[in-house]
Amino acid sequence: MKKNLEKLNKKIIKCNNCKRLVNFRKKISLKKRKMYENQKYWGKPITGFGDINGKILFVGLAPAAHGGTRTGRVFTGDKSSDFLYKCLYKAKISNQSNSEHVNDGLKLNNAFITTALKCVPPGDKPLKKELYSCFNFFKQEINLLKNLKVVVALGKIAFDACIDFYKINHNFSKKVKFGHSLIYNLPNNILLVGCYHPSPRNVNTGRINEKKMTLLFKKVLKLI
Ligand code: SF4
């Protein structure tokens, strides 16, 4: 399984299929954010991370411009990942409460984390055709997760992307609505859990806090 994942990751990293996104990730990596101007940005598509034998899959929409696209690991090196990993650690899903760079020792327990789209899109808004092309990789990741029981969608846009994915690949036709902590049945006995995105905006407006997020992650653990 690990070898298959490595093979898939090699393909993802080399992908240049979506010209608009290839140009955008290059632009971000050259322009850089002032505070990271001395760092070399990863600047390529982002692969999934964690335990491929895990039962839980966390899904974001796409890598962040100065998080994953800079560090080369999904949900790493930005404020959303700081908050996410504080909560994952409290729920005992990760071995540490920080996700800063690829060599920081981070491990996930029984969980894998990825994005539906592997390249950062301008304005965090991919075109449907970009998302649908990248579903090819998302599908291969899901197929490798043989023990998958629960998909946790991080944010409404990631939730909608997961629904789109299941509609296209599994003739899923149920009407579903995003809500934090709402649970739906997906094909193949998989559950889909809606979860607010761990973004600074959601944290600062009080929509989400550590207690609420950790509680949801503990609820997810009870589902597996
Ligand atoms: S979004 Fe996906 S399909 Fe498009 S270039 Fe990036 S990795 Fe390739």
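Q: Is D164 buried or exposed in this predicted model?
A: The model is predicted, so this is a computed value. D164 has a relative accessibility of 14%. The cut-off for buried is under 20%, so D164 counts as buried.

Q: Which residue does D164 meet in a salt bridge, N to O?
A: D164 sits in helix α6 (residues 156–170), and its partner is in helix α5, 36 residues apart in the chain. The two side chains come to 2.8 Å, N to O. That partner is K128.

Q: How many residues apart are K118 and E141, whose side chains also meet in a salt bridge?
A: Here the N to O distance is 2.6 Å, and both K118 and E141 are buried. K118 lies in the loop between β3 (111–115) and α5 (128–144), while E141 is in helix α5 itself. Along the chain, the two are 23 residues apart.

Q: Which helix holds the salt-bridge partner of K90?
A: K90 belongs to helix α4 (residues 79–90), and its side chain meets E210 at 2.7 Å, N to O. The pair links distant parts of the chain, 120 residues apart. E210 is in helix α8 (residues 210–223).

Q: Are K90 and E210 buried, exposed or partly exposed?
A: Buried needs under 20% relative accessible area and exposed needs over 50%. K90 comes out at 45% and E210 at 25%. Each value falls between those cut-offs, so K90 and E210 are both partly exposed.

Q: How many salt bridges does the model have in total?
A: The pairs covered above include K128 with D164 and K90 with E210. Counting by the same rule throughout, the total is 7.

Q: Which residues touch the most other members of the largest nonpolar core?
A: This core has 38 residues. Several elements each supply at least two of them, including α1 (2–14), β2 (56–60), β4 (150–154) and β6 (190–195). One well-connected member is V151, which touches L57, V59, C162 and L192, among others. The residues with the most contacts to other members are L57, F138, V151 and L192.

Q: How many residues are in the second, separate core?
A: Nonpolar side chains tend to be buried together in soluble globular proteins. Besides the largest core, there is a second one that includes F49, C87, I93 and V150. Its size is 28 residues.

Q: What accessible area do I183, L223 and I224 have together?
A: These three form a nonpolar patch on the surface. L223 lies in helix α8 and is partly exposed, at 31% relative accessible area. Together, the three residues have about 190 Å².

Technical notes
Residues are numbered from 1 along each chain as its sequence is written. This is a predicted model: local features need pLDDT of at least 70, side-chain atom pairs count only at pLDDT 80 or more; totals for chains, interfaces and linings use all residues. Side-chain values use heavy atoms; hydrogens and water are left out. A salt bridge is a side-chain nitrogen of Lys or Arg within 4 Å of a carboxyl oxygen of Asp or Glu. Helices (H or I, at least four residues) and strands (E, at least two) are DSSP runs, numbered from the N terminus. Buried means under 20% relative accessible area, exposed over 50%, partly exposed in between (1.4 Å probe, protein chains only). A nonpolar core is a set of buried Ala, Val, Leu, Ile, Met, Phe, Trp, Tyr and Cys residues joined through side-chain atoms within 4.5 Å. Contact means heavy atoms within 4.5 Å. Patches are made of residues with over 30% relative accessible area and no salt bridge: like charges are joined within 9 Å, nonpolar side chains (Val, Leu, Ile, Met, Phe, Trp, Tyr) within 5 Å. Accessible areas come from the Shrake-Rupley method with a 1.4 Å probe; for residues, only the protein chains shown count as cover. Lists of a residue's contacts leave out its neighbours within four places in sequence.
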